[in-house]
Amino acid sequence: MNGEPLQSVLHPAGADAEVVKQFAWVLFGAGALIFTAVLVLLALSLRRHDRPLRPVLWIAGGGVALPVLLLTALLGWSTWRSAQLVPQGSGKAMTISVTGKMWWWEVHYRDPASGREIATANEIRIPVGRTVYLGLNAADVIHSLWVPALAGKRDMIPGRVTGLTLRADKPGVYRGQCAEYCGTQHAHMALHVVALAPAEFDAWLAHQARPASVPAAELPARGRAVFLEQRCQACHTIRGVAESSRLGPDLTHVGSRLQIGAGLLRNHRGALAGWIADPQALKPGVFMPAASGLDGESLRALAAYLEHLQ
Ligand code: CUA
């Protein structure tokens, strides 16, 4: 997990992304070769304009036969390779539902133990080597899920469920991005896919299924009270504390996430405090209002509490 997580088609870590990378290189290579050949022929023809050419041969050969052969070969190859993509559909795959919202991602798992839904945000953890079906939906406008190192894009459309089946082959953190313009903060609608070893994933999911832990230390305990006083629960759920609203991201285990604000800031106490104090300065247009009237000590406590929610 060193450095910035990869967001690159050219560094695949999943079955489908490998195919996409091959497509990119083969089509780019073939295109470059043909383009170069045409330019060489053009240069030759300009130099040797005195020589009689055989136009019929060039037109029939270069204009008809060659493209037919090359394009048929490329079509045949890409059709054969496409058939090896991970089969789309929920089938036996593990299902995770992802809803695109302005401008974040709500992620739902089903707890295999209790059957209850577990909500998290802006981070999709998946087990390496297992086929995962992402059921996609949008709450407001069209978004598009794209994690280049793992798979192709899929649009998320309000009122309709689309899906993307993928498989990660290497553990790691892969950055993804909304790929459909969805308003002022479209550029700040990122997410991270964390591919974990299956046992690690199962442990993570079991932990996520638990309600929020109750802080023992004084500062985070004070922060828990501030959360309720400030009526943060009007938008945010913390399971075990307040579960009335799902307008904003579920914060039950917010402290365990890598980033906040949908890929805006690395998650730590200072970033949490800055975000709560003035989200509009960090991500103008976001629906979260600034915590006006919150004194420094309360802000510090609230940030400590959120960090405590591992
Ligand atoms: Cu969501 Cu662009």
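**A walk through the predicted model**

Glu106 and Lys101 are both buried in this structure, which is a predicted model. These two residues form a salt bridge with each other, and the closest N and O atoms of the pair are 3.3 Å apart. A second pair can be read in the same way, since the side chains of Arg125 and Glu123 meet in a salt bridge at 2.8 Å from N to O, and here too Arg125 and Glu123 are buried.

A third pair has other surroundings. Arg222 forms a salt bridge with Glu229, with 3.6 Å between the closest N and O atoms. Arg222 counts as partly exposed because its relative accessible area is 37%, a value that falls between the limits of 20% and 50%. Glu229, at 53% relative accessibility, counts as exposed, because the limit for that word is over 50%. Salt bridges can also share partners, and in this model such sharing joins Lys101, Glu106, Arg110, Glu117 and Arg246 into one network. A search of the whole structure finds 10 salt bridges, among them the one between Glu106 and Lys101 described at the start.

From these charged pairs we can turn to a strand, E8, which covers residues 162–166. Is strand E8 enclosed by the rest of the structure or open? Five of its five residues are buried, so E8 is largely enclosed by the rest of the structure. The burial concerns both faces of the strand, with Thr162, Leu164 and Leu166 buried on one side and Gly163 and Thr165 buried on the other. Strand E5, made of residues 132–138, is joined to E8 by five bridges, and the two strands run antiparallel. Within this pairing, Tyr133 stands opposite Thr165 of E8.

Strand E8 also leads us to helix H1, for E8 and helix H2 (55–82) are included in what covers the buried residues of H1. Helix H1 runs over residues 15–47, which makes 33 residues, and it reaches 49 Å from its first C-alpha to its last, close to the 48 Å expected at 1.5 Å a residue. Which residues of H1 are buried? They are Ala15, Asp16, Ala17, Val19, Phe23 and Ala30. When reading positions along a helix, it helps to remember that an α-helix has 3.6 residues a turn, so residues three or four places apart point the same way.

Helix H1 takes part in a surface feature as well. Leu33, Ile34, Val38, Leu66 and Leu70 form a nonpolar patch on the surface, and together they have about 440 Å² of accessible area. H1 and H2 each supply at least two residues of this patch, while H1 gives the most, with three residues. Val38, one of the patch residues, lies in helix H1 and is partly exposed, because its relative accessible area of 48% lies between the limits of 20% and 50%.

A last stop is helix H5, residues 269–277, where Gly270 is found. Gly270 counts as partly exposed because its relative accessibility is 45%. To relate this place to another part of the chain, we can compare Gly270 with Gly62, which is 208 residues apart from it along the chain, and the C-alpha atoms of these two glycines are separated by 64 Å.

Definitions and conventions
Residues are numbered from 1 along each chain as its sequence is written. This is a predicted model: local features need pLDDT of at least 70, side-chain atom pairs count only at pLDDT 80 or more; totals for chains, interfaces and linings use all residues. Side-chain values use heavy atoms; hydrogens and water are left out. Helices (H or I, at least four residues) and strands (E, at least two) are DSSP runs, numbered from the N terminus. The expected span of a helix is 1.5 Å times one less than its number of residues. Buried means under 20% relative accessible area, exposed over 50%, partly exposed in between (1.4 Å probe, protein chains only). Contact means heavy atoms within 4.5 Å. A salt bridge is a side-chain nitrogen of Lys or Arg within 4 Å of a carboxyl oxygen of Asp or Glu. Two strands pair if DSSP finds at least two bridges between them. Patches are made of residues with over 30% relative accessible area and no salt bridge: like charges are joined within 9 Å, nonpolar side chains (Val, Leu, Ile, Met, Phe, Trp, Tyr) within 5 Å. Accessible areas come from the Shrake-Rupley method with a 1.4 Å probe; for residues, only the protein chains shown count as cover.
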